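Trainee: Could we go through this model together? I would like to learn how each label is earned.

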Amino acid sequence: QVQLVESGGGLVQTGGSLRLTCAASGRTFSSYAMGWFRQAPGKEREFVAAINWSGGSTYYADSVKGRFTISRDNAKNTMYLQMSSLKPEDTAVYYCAANRAPGPGVSGNRYDYDYWGQGTQVTVSS
């Protein structure tokens with residue numbers, strides 16, 4: 001089974017930046033669509049950003065568009081989320097996810113994703 005491991009979370013000040021990394025195991029990473037989701041205490045898991053298999057198509061939640069950038073490096077089996085202009089509302093556990101059989105578009109629906117990491121905590125202080 002594929003494994004996904006997030007890293008790069010931590011404590012940052014409002015307005016700061018942070019880059020999250022998702023490292024994937026297996027040889028089929030390049031065929032997956034990938035996404036980032038987040039979940040704050042007492043809240044449902046929320047879509048953040050997604051990227052297709054080649055990296056040529058991306059999709060962002062309105063709440064992060066213009067501040068976050070998703071990217072991937074298939075040669076390294078790695079996906080990234082560059083976060084800038086961070087706000088306290090961005091505080092959450094961030095999860096990477098893989099869509100094993102994606103359609104032609106890029107999905108923000110968590111039920112389209114088959115594999116999940118364990119999450120990394122991002123805390124933005126005011």
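Mentor: Happy to, and keep in mind that this is a predicted model. A good place to begin is strand β3 (residues 18-24), which is joined to β8 by six bridges, the two running antiparallel.

Trainee: What makes β3 and β8 a pair of strands?

Mentor: Two strands pair if there are at least two bridges between them. Six bridges join β3 to β8, so the condition is met. One of the contacts to look up is T21, whose bridge partner in β8 is Y80.

Trainee: Which sheet do these strands belong to?

Mentor: An open sheet of four strands, in the order β1-β3-β8-β7, with antiparallel pairing. On average, neighbouring strands in this sheet are turned by 15° against each other, direction ignored.

Trainee: Why are β1 and β7 called edge strands?

Mentor: Because β1 (4-7) and β7 each pair on one side only.

Trainee: Now the rings. Why is the aromatic pair of F47 and Y59 called stacked?

Mentor: Check the distance, then the angle. The ring centres of F47 and Y59 are 5.0 Å apart, and a pair needs centres within 6.5 Å. Their planes make an angle of 25°; under 30 degrees counts as stacked, so the label fits.

Trainee: What does this pair tie together?

Mentor: F47 lies in strand β5 (residues 46-51) and Y59 in strand β6 (residues 58-60), so parts 12 residues apart in sequence are tied together. The structure holds six aromatic pairs, and ring pairs link F37, F47, Y59, Y113 and W116 into a cluster.

Trainee: How do you know whether F47 and Y59 are buried or exposed?

Mentor: Compare each relative accessible area with the cut-offs. F47 has 11%, and under 20% means buried, so F47 is buried. Y59 has 41%, which falls between 20% and 50%, so Y59 is partly exposed.

Trainee: What makes R45 a charge over the ring of Y95?

Mentor: R45 lies over the face of Y95, at 3.8 Å from the ring centre, and the limit for that distance is 6 Å. R45 also lies over the face of W116, at 5.0 Å from the ring centre.

Trainee: One last point: what makes the phi of N77 worth a look?

Mentor: N77 has a positive phi of about 55° although it is not a glycine. Most residues other than glycine have a negative phi. N77 sits in the loop between β7 (68-73) and β8 (78-83). S85, in the loop between β8 and β9 (92-99), also has a positive phi, near 50°.

Methods:
Residues are numbered from 1 along each chain as its sequence is written. This is a predicted model: local features need pLDDT of at least 70, side-chain atom pairs count only at pLDDT 80 or more; totals for chains, interfaces and linings use all residues. Side-chain values use heavy atoms; hydrogens and water are left out. Axes are lines fitted to C-alpha atoms, for helices over the stretch in contact, and angles run from 0 to 180 degrees between N-to-C directions. Rings of Phe, Tyr and Trp (its six-membered ring) pair if their centres lie within 6.5 Å; planes under 30 degrees apart count as stacked, over 60 as edge-to-face and the rest as tilted. Buried means under 20% relative accessible area, exposed over 50%, partly exposed in between (1.4 Å probe, protein chains only). A charge sits over a ring if NZ of Lys or CZ of Arg is within 6 Å of the ring centre and within 35 degrees of the ring normal.
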